[in-house]
Amino acid sequence: MDDIIVKKSGTVTLKRIVDGRDGALCIMNALQEIPFEIKRVYYINNLDPYSSIRGKHAHRKLRQVIFCINGSFTLSLDDGFTKQELLMREDNVGVILDPMLWHTMHDFSNGCVLLVAASDYYQEADYIRNYDEFLTLAREK
Ligand code: TYD
């Protein structure tokens, strides 16, 4: 994983226990590797390789950590001033998506599975889905 240069982000690394032929086990603990109490976990699968696009929004208050637990994808981040693309391919390295960070997920590999830990329940009012509105809000503070 490249160094993260955008604001409102960062990485978390989970303990990964490799059991040889019996697979790998990764563990996330709230308030330990994940820097908040987890109220919701969701996962995304059945993506169309290299044509599906997800995200394209920012959140007002929600904190999240996103993982690629199988395959790979590209995570594009934009804090309103700086943009960055990260190749997500390590199942135990998550990227923090703090409030006011525009994020887009794309270029999914075959069999890609995303998992997200979130600090709160789903609330549509917390989403900023208009990029111009995001830029205005991100740059006014
Ligand atoms: P969205 O968060 O926009 O997906 P992504 O960022 O992965 O592209 O959500 C897609 C749809 O699913 C939207 O209509 C809201 C709904 N949804 C819920 O009902 N609950 C949830 O916890 C999430 C994450 C989405």
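Let me start with strands β7 and β10, where residues 73–78 and residues 102–106 pair in the antiparallel sense over 5 bridges, and please keep in mind throughout that this is a predicted model. If you look for one pair of residues to fix your eye on, take Asp78, whose bridge partner in β10 is Trp102.

Staying with β7, I would like to point out Thr74, which is found in that strand. Is Thr74 buried or exposed? Its relative accessibility is 12%, and because buried means under 20%, Thr74 counts as buried. Leaving aside residues up to four places away in sequence, Thr74 touches Glu85, Leu86 and Leu87, and it also touches Thr104, Met105, His106 and Asp107.

Now let me widen the view to the sheet around this pair. Which strands make up the open sheet, and in what order do they come? There are 5 of them, in the order β8-β7-β10-β5-β12, and the pairing is antiparallel. The edge strands are β8, covering 83–88, and β12, covering 127–128, and each of these pairs on one side only. As a general point for anyone new to sheets, the side chains in a regular strand alternate between the two faces of the sheet.

Elsewhere in the chain there is a hairpin that deserves a moment, made by strand β2, which is residues 15–18, and strand β3, which is residues 24–27, and these pair in the antiparallel sense over 4 bridges. Val18 stands opposite Ala24 of β3, and among the 5 residues between the strands of this hairpin, Gly20 takes a positive phi near 55 degrees.

Let me step back to the whole protein chain, which has 1 helix and 12 strands. Reading from the N terminus, the elements run β-β-β-β-β-β-β-β-β-β-β-β-α, so that we meet the strands and then the helix.

What about the overall dimensions? The C-alpha trace spans about 50 × 35 × 30 Å along its principal axes. For 141 residues a compact globule would have a radius of gyration near 14 Å, and the 15 Å of this chain agrees with that. Buried residues make up 43% of the 141 residues, and of the contacts between residues at least 6 apart in sequence, 76% join residues at least 24 apart.

Finally, the surface and the charges: the chain exposes about 8,100 Å², of which carbon and sulfur atoms supply 46%. The chain carries 17 positive and 20 negative side chains, and the centres of the two sets lie 3 Å apart.

How values were computed. Residues are numbered from 1 along each chain as its sequence is written. This is a predicted model: local features need pLDDT of at least 70, side-chain atom pairs count only at pLDDT 80 or more; totals for chains, interfaces and linings use all residues. Side-chain values use heavy atoms; hydrogens and water are left out. Helices (H or I, at least four residues) and strands (E, at least two) are DSSP runs, numbered from the N terminus. The radius of gyration is taken over C-alpha atoms; the globule rule is 2.2 Å times the number of residues to the power 0.38. Buried means under 20% relative accessible area, exposed over 50%, partly exposed in between (1.4 Å probe, protein chains only). Contact means heavy atoms within 4.5 Å. Accessible areas come from the Shrake-Rupley method with a 1.4 Å probe; for residues, only the protein chains shown count as cover. Lys and Arg count as positive and Asp and Glu as negative; His and the chain ends are not counted. The place of a charge is taken as NZ of Lys, CZ of Arg, CG of Asp or CD of Glu. Two strands pair if DSSP finds at least two bridges between them.
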